[in-house]
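Colleague: I am new to this structure and would like to know what stands behind the words used for it. Please set each term against its cut-off.

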Amino acid sequence: MNWYRVPRIEEGVAHVEITGTIGYSQQTAETLLADVAHAESIELHLDTDGGCSKTAFDLVAGFGQRVHRAIVRGRCGSAGIFLLLTAAVRECFPESRFMVHSAQGACLGGVGQIKAEIETLERINRRQLEMIVDRTGQE
């Protein structure tokens, strides 16, 4: 199942619908960025439980300052929060639901592998908190 689609690009604005599990299909951050490469600005429509944080971070970097508006039409959780925070204007429907949580993972292996996984999770958590503080002004 695809996690995004770009139903139209009109007057330089790419309308992007994100409705699946971000980053979990044949679609990647690179394919979405290629689909909106010629758009001057981006409008996101979000209804997602989240997905892969790396994919979301890659999209945040690739979108740059082009996301002028994000609309939460249902759920916006986990990695979806990062995409929401890229927008200059953020809107939501009254029935919208949000979920923010610490990064999670699982690891089997030796001490070195487990330490590396812990460092990765801590880095993701720091990056998430920094983004939320930066974009909302809240600490």
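**Terms and their grounds**

Modeller: The cover over the buried residues of α2 includes α1 (29-35), β3 (41-48), β4 (67-77), α3 and α4. Bear in mind that this is a predicted model.

Colleague: Which residues of α2 are called buried?

Modeller: Ser53, Thr55, Ala56, Phe57, Leu59, Val60 and Phe63. Buried means under 20% relative accessible area, and these residues of α2 are classed as buried. In general, residues three or four places apart in an α-helix point the same way, because a turn has 3.6 residues. Just after α2, Gly64 has a positive phi of about 60°.

Colleague: Why is Asp35 called partly exposed?

Modeller: The relative accessible area of Asp35 is 40%. Buried would need a value under 20% and exposed a value over 50%, so Asp35, at 40%, is partly exposed. Asp35 belongs to helix α1.

Colleague: What is Asp35 in contact with, leaving aside its neighbours within four places in sequence?

Modeller: Tyr4, Val6 and Ile9. Contact here means heavy atoms within 4.5 Å. As for Val16, 19 residues from Asp35 along the chain, the C-alpha atoms of the two are 9.6 Å apart.

Colleague: What pattern does the protein chain follow along the sequence?

Modeller: The order is β-β-α-β-α-β-α-β-β-α, with four helices and six strands.

Colleague: Why is the protein chain called as compact as a globular protein of that length?

Modeller: Its radius of gyration is 15 Å, and the globule rule gives 14 Å for 139 residues; the two values are close, so the protein chain is as compact as a globular protein of that length. Along the principal axes, the C-alpha trace spans about 55 × 35 × 25 Å. Of the 139 residues, 39% are buried. Among contacts between residues at least 6 apart in sequence, 62% join residues at least 24 apart.

Colleague: Which residues are closest to the centre of the largest pocket, and what is the volume of that pocket?

Modeller: The volume is about 230 Å³. Of the 16 lining residues, Gly51, Ser53, His101, Ala103 and Gln104 are closest to the centre. Two or more lining residues come from each of α2 (53-63), α3 (79-85) and α4 (111-136), and α4 gives the largest share, three residues.

Colleague: How many residues of each class are in that lining?

Modeller: Six nonpolar, eight polar and two charged. Gly counts as polar under this scheme.

Key:
Residues are numbered from 1 along each chain as its sequence is written. This is a predicted model: local features need pLDDT of at least 70, side-chain atom pairs count only at pLDDT 80 or more; totals for chains, interfaces and linings use all residues. Side-chain values use heavy atoms; hydrogens and water are left out. On a 1 Å grid over the protein atoms alone, a cavity is a set of points where a 1.4 Å probe fits but cannot get out, and a pocket is an open set with protein on both sides within 12 Å along at least five of seven lines; lining residues have an atom within 4 Å of a point. Grid points are joined across faces, edges and corners, and a volume is the space filled by probe spheres set on the points. The radius of gyration is taken over C-alpha atoms; the globule rule is 2.2 Å times the number of residues to the power 0.38. Buried means under 20% relative accessible area, exposed over 50%, partly exposed in between (1.4 Å probe, protein chains only).
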